[in-house]
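This report takes up a sheet and a helix in turn, with the terms explained as they arise.

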Amino acid sequence: TPKLVMIPGPTPVTRSIQDQMGRETVAFGDPFFVQDYKDVLADLKELWKCSGEVFVVAGSGTLAMEMAIANITKRGDSVLICSNGYFGDRFIDMCQRKGLEVDVLSAKWGTSVTAEEVEKKLSEKKYDVVTVTHVETSTGAAAPIDAIGKVVKAHGALYVVDGVAASAGAEEYMDPMGIDVLLSCTQKAFGVAPGLAILWASKEAVEKRRSLGTIPESYADFEKWLPVMHDPSKYWGTPAINLVWALKESIRIIKEEGIEERYNRHLRQAALVDAALEAMGFRVAAEKPFRAPTLSVYLYPEGANVNDAEFRTVLAEEGAQTAGCLADFAGKGFRMGHMGNVDKHILVSAVAAVERAAMRCGIDIEPGKGLGVLQKGLAEEH
Ligand code: PMP
């Protein structure tokens, strides 16, 4: 049985995007490819309202995180890391390795750091950089990036947002939100296969990079890539040609849908899938005001005696691959994406698979109840 990839990334890759990856690879100097690359970069700048620079390079989200830090910090700089889970914490080691002075502002898992808490920290101490994880993939909680951005800007720090589990599914705008580096990648709400790192940088971030002179990194250096991003016929590292085409198709789909409508669709989808799973007795780990539009952590029903590994194996047999929980939530539930180019057929199939798996694993549910909630919500959209 073909499986739906319902883990929080990679997400289902739609046929037209797959087709781009299956095309015959050309030279990276091919004038048509150069034009395609240019179009991708221009569209990303426009859609994310970025008057600064954009970078698309081969790599995963972790490279994008590393690039963000590498280009705007030097040894001894102070960084405030806002974290509410596993991926927020990933910045800690990354920044410590670079000899940065690191403070962590932690929020309870399932919630987020708030703008008020950031304000308090920034009024106590001067920070060069503040990092926030837009959607924390280990908890399904989203941070109020707009409100935090206003605080960070008022204090003159550079603002880094990890958009890996959010970009193209949850609202992010560079200039309006005061973001200095937004880092992301292709395998989540863009609905492309893994393999491209995407970074947007403000003029201030690019200026900060310039002020640093030579940095230890080479592949990750904005200054090495800037000439290529301005003119993709130039060379620094070989571009992932087929993935750039796939991203171009993803952006075409985003523009066709309308980016605002895409963000709204994700909000509706998240609310519906959450409500369907809650109707079955699962609990959404993220507290209500913090629930992410792109993925959720579903905790097993209270009192249900579920063998965690077995549940996910049965769920995969029923047709939906999901991910296990991490750290605080490990063993207590599963993580499921509902982002990117998923449509109602995929959502209905995934929720139906969860129902069958729950029944097979002895969770006391009423067959069709969760699906009924989802179906009603989907029908009401029209
Ligand atoms: N940040 C967040 C919020 C993530 O969810 C992930 C991956 N799940 C990463 C960073 C790291 O990305 P990658 O696995 O592509 O290196």
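A polar contact is a pair of N or O atoms within 3.5 Å, where within protein one must be able to donate a hydrogen and the other to accept it, and where residues adjacent in sequence count only if both atoms are side-chain atoms. The model is predicted, with local features needing pLDDT of at least 70 and side-chain atom pairs counting only at pLDDT 80 or more, while totals for chains, interfaces and linings use all residues. Residues are numbered from 1 along each chain as its sequence is written, and side-chain values use heavy atoms, leaving out hydrogens and water.

Helices (H or I, at least four residues) and strands (E, at least two) are DSSP runs numbered from the N terminus. At the N-terminal end of α13, Asp 343 acts as a cap, with a side-chain oxygen 3.2 Å from the backbone nitrogen of His 345. Beyond α13 comes Gly 362, whose phi is positive, near 80°. Among the residues of α13 that are buried (under 20% relative accessible area with a 1.4 Å probe, protein chains only; exposed is over 50%, partly exposed in between) are Ile 346, Leu 347 and Glu 355. The buried residues of α13 pack, by contact (heavy atoms within 4.5 Å), against the elements below, among others.

| Partner of α13 | Residues |
|---|---|
| α11 | 259–279 |
| α12 | 308–317 |
| α14 | 369–380 |

Elsewhere, 7 strands form an open sheet of mixed pairing in the order β2-β10-β9-β8-β5-β3-β4, where two strands pair if DSSP finds at least two bridges between them. The edge strands, β2 (53–58) and β4 (101–106), each pair on one side only. Strands β9 and β10 run antiparallel and are joined by 5 bridges, with Leu 183 opposite Leu 199 in β10.
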